[in-house]
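Visitor: I'm new to this structure and would love a close look at a single part. Could you take me to the place where the two chains meet?

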2 protein chains.
Amino acid sequence: MADKTEIRVGIVGLGTVGGGTATVLTENAAIIASRAFPIRLAAVADIDTTRARDFLDKLGQKSTILYNDWRQMIDDPTIDIVVETIGGINLAREVISAALIAGKTVVTANKDLLAVHGGELLRIAGEHENDLFFEASVAGGIPVIQAVKEALAGNRIQSIMGILNGTTNFILTRMSEDGTDFAEALAEAQALGYAEADPTADVEGWDAARKIAILSSIAFNSRVTYDMVPCEGITKISKWDMIYAKEFGYVIKMVGIARHQGCAEEGFIEARVHPLMLPANHPLATVRDSYNAVFIEGNAVEKTMFYGRGAGALPTGSAIVGDIIQAARNIMHNSKARLGCTCHLDLPVLPLDEVVSKYYIRVSVYDRVGVFASLSAALRDSNVSIDAAMQKRRISADQAEIVIITHKVRHADILAALSIIENLDCTCEVCGYIRVENEES
Amino acid sequence: MADKTEIRVGIVGLGTVGGGTATVLTENAAIIASRAFPIRLAAVADIDTTRARDFLDKLGQKSTILYNDWRQMIDDPTIDIVVETIGGINLAREVISAALIAGKTVVTANKDLLAVHGGELLRIAGEHENDLFFEASVAGGIPVIQAVKEALAGNRIQSIMGILNGTTNFILTRMSEDGTDFAEALAEAQALGYAEADPTADVEGWDAARKIAILSSIAFNSRVTYDMVPCEGITKISKWDMIYAKEFGYVIKMVGIARHQGCAEEGFIEARVHPLMLPANHPLATVRDSYNAVFIEGNAVEKTMFYGRGAGALPTGSAIVGDIIQAARNIMHNSKARLGCTCHLDLPVLPLDEVVSKYYIRVSVYDRVGVFASLSAALRDSNVSIDAAMQKRRISADQAEIVIITHKVRHADILAALSIIENLDCTCEVCGYIRVENEES
């Protein structure tokens with residue numbers, strides 16, 4: 001055991017997540033000490049020292065040292081663990097590197113940074129025999145990273161499907177349950193504080209893509225970065241898609257998907273984010289409102305799912321404090337760096353064009369003889385085989401809506417077919433497509 | 001780092017779970033070695049050495065040493081980790097104690113043993129600075145023990161509700177979805193191998209009680225043993241209860257419940273197993289067939305749920321191998337016993353009579369004037385306040401069925417009321433009661 005009576009934690013950036021971490025460390029201090037070791041919120045670095053002092057005073061943390069420059073915290077030799085909660089990429093990268101080089105353990109919730117520079121930071125941690133923990137970077141309070149890294153380490157992970165963004169899940173739940181349109185549901189999410197003024201990173205899937213990059217890297221032991229994860233957003237989904245999905249027994253969810261195809265240490269990875277129609281009795285289909293969930297299949301554990309709050313000060317603080325406790329154990333037992341970067345493979349990522357799925361397609365057409373024949377021919381000419389095709393509502397006197405469900409086809413072939421359909425005389429508009437997952441769980 | 005090039009595992013008892021563990025260790029050997037260390041299935045102890053040799057030969061584990069006496073394995077100084085998968089109490093207790101005393105790490109799936117003698121075995125492990133891991137003892141492949149012990153350690157855990165028995169969940173799912181009676185659904189479960197010839201331990205809740213005892217002990221840092229967990233079974237639930245539950249928007253599930261009331265290190269524990277009506281949109285209500293799930297609320301993480309296979313050779317093997325990998329890390333990093341027994345409190349368990357719930361009561365009555373008045377008076381005289389009362393189907397010309405939903409009341413008061421109702425002239429039969437959880441999630 002190390003010759004210490006307490007572990008001293010410093011938080012860089014006392015915003016929502018940093019504040020949540022400070023709150024959990026304070027309110028649950030006695031229970032944490034009894035389960036592990038006394039863990040003290042020894043220092044905070046924040047550019048707004050007045051606001052930070054106020055916050056700490058309200059928590060009763062009057063003896064916490066306050067630095068207005070994070071470098072002072074790194075230079076403080078009494079700090080064992082640095083929690084980076086400033087977010088963003090450049091400054092956070094500098095803070096984490098400096099802390100690791102200075103011999104401190106680092107805990108972060110920074111998905112933006114890890115999805116781009118995770119490999120570099122884990123290498124620095126390894127070189128300095130330090131730990132870098134990041135449970136809170138994926139799915140907030142849900143302890144899925146430790147599960148994949150440790151408890152499920154005996155499995156070849158076959159696939160991960162995650163509802164990894166609370167904003168889009170809230171919007172899709174409202175659209176599905178209340179029959180609202182996307183714009184209306186987005187406005188409600190913004191009014192409730194679930195969506196930001198500029199919701200692009202959420203609704204276009206960028207946020208979920210960062211999380212799926214981090215999860216894939218761990219699950220498949222091969223580095224997947226943000227730029228390798230193609231995204232399709234939810235802005236084009238209409239209330240009609242919701243209605244038709246329900247008729248077919250499906251629920252539309254925004255999911256991050258990562259799959260490993262091939263055996264053991266070979267093969268390739270699929271990683272992407274897009275809306276997906278899931279059978280209504282799939283465990284992910286029942287995840288409502290702003291909740292997150294990660295559905296994992298392994299060759300031993302079979303199907304498993306982890307559900308909870310994907311954001312929020314206290315749930316994210318819960319994940320960070322869980323990491324702090326693990327970090328404290330490693331410090332006390334002189335076993336830092338017992339689990340470093342696990343990306344020892346370099347598996348290729350399958351290009352999106354090659355990914356195979358079932359598709360739902362919605363097209364509005366001029367209602368005349370031969371429409372089905374024209375659409376069918378366009379699909380056939382692009383190697384797209386049809387599972388079901390049906391006319392839905394009549395839009396106006398001479399326009400109707402047709403929905404087609406395909407068999408499993410390559411993405412490039414669907415795009416080719418839609419481009420032909422778009423130019424048919426009978427086509428008024430290709431309203432959109434949504435991939436369909438038809439395996440029940 | 002320890003001076004070892006591989007970790008040597010011995011399995012005692014090559015039945016379903018032992019065989020599943022051997023299979024996972026063999027089939028995923030390369031991926032396990034690349035993630036952690038080479039982990040070899042070095043030895044097996046089994047009284048039926050012929051069958052065990054056959055099994056190992058089929059796996060291609062020709063160099064695994066076979067002992068017909070487990071003591072030989074304990075005496076083998078090259079074995080680092082002993083996996084106990086013989087089950088039952090007395091012999092398993094002897095094997096685990098001897099292995100720990102001999103300096104070996106132990107991994108077990110034995111809930112029967114841990115729910116009774118867990119404290120004693122963890123004390124022996126601690127005295128000999130060894131690890132005792134038991135992820136597989138609760139909810140099979142679902143990594144809920146590590147989550148509660150580590151990732152959620154920054155939380156005061158407020159409550160745990162678990163579908164912890166696949167057999168009863170399968171039976172209740174069939175009754176709910178197909179309208180079958182208990183006996184019919186049990187027969188189907190037996191035909192499919194989900195239920196044993198003597199299903200008592202499952203249908204009466206004993207199996208789930210062992211798991212809730214283990215989970216409570218970890219979550220609340222206070223030892224809860226099997227004898228402290230009262231059980232009510234599912235044998236009295238009828239298809240009519242299923243029909244009425246659905247009408248009210250509920251689903252009936254067999255749950256293990258553990259709650260901590262009071263603050264931080266004080267208060268008391270509730271622990272029990274019984275059928276429960278859950279709102280249809282509660283995450284546990286959507287857990288179907290033989291799946292298990294554990295729903296946990298903490299004061300930081302809020303609501304979270306862990307879902308998956310609660311039994312089966314490979315899912316249970318997944319949990320055991322996850323423990324083996326963690327054990328191997330502790331051996332390699334000279335940090336065994338970094339996390340021992342966590343029961344440093346001695347909280348009282350609330351007697352079942354004092355537990356407060358909403359109740360659903362079903363009574364068949366002789367259809368005459370004043371029935372409602374008689375029932376209402378009986379409930380009032382026992383301090384039971386009514387939320388709703390309604391007449392349901394007519395059973396025969398002069399008999400009808402009445403369903404009553406109460407407000408939250410003490411269990412002792414419900415029992416007193418039912419005993420009065422049973423003796424009323426208008427009562428034909430008190431068909432039963434089921435507790436109702438009315439908080440949505």
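**Where the chains meet**

Guide: Happy to! Strand S11 (residues 302–309) of chain A is joined by 5 bridges to S11 of chain B, and the two strands run antiparallel. Please keep in mind that this is a predicted model. To find one point of this pairing, look for A:Gly308, whose bridge partner in S11 of chain B is B:Thr304.

Now follow S11 into chain B. Strand S11 (residues 302–309) of chain B is mostly covered, with 7 of its 8 residues buried. Besides its partner in chain A, S11 of chain B has strand S10 (residues 291–298) of chain B, with which it pairs in the antiparallel sense over 8 bridges. Within that pairing, B:Val294 has B:Phe306 of S11 as its bridge partner. S10 and S11 of chain B form a hairpin, with 3 residues between them.

Next, step back to see how the two copies are arranged. A turn of 180° with a shift of 0.0 Å along the axis lays chain A on chain B with an RMSD of 0.0 Å. The two copies are thus related as by a two-fold rotation axis. Which residue of chain A comes closest to the rotation axis? That is A:Phe306, with its C-alpha at 2.4 Å.

Finally, consider the interface as a whole. Of the interface residues of chain A, 100% are also interface residues in chain B, so the copies meet through the same surface. As you turn the model, a good place to start is the pair of S11 strands, one from chain A and one from chain B, running antiparallel.

Methods:
Residues are numbered from 1 along each chain as its sequence is written. Chains are lettered from A and ligands numbered from 1 in the order in which they are written. This is a predicted model: local features need pLDDT of at least 70, side-chain atom pairs count only at pLDDT 80 or more; totals for chains, interfaces and linings use all residues. Copies are superposed by least squares on the C-alpha atoms of residues with pLDDT of at least 70 in both. Two residues are in contact if their C-beta atoms, placed from the backbone, lie within 7 Å. A residue is buried if 20 or more other C-beta atoms lie within 10 Å of its own, exposed if 12 or fewer, and partly exposed in between; C-beta atoms are placed from the backbone. Helices (H or I, at least four residues) and strands (E, at least two) are DSSP runs, numbered from the N terminus. Two strands pair if DSSP finds at least two bridges between them.
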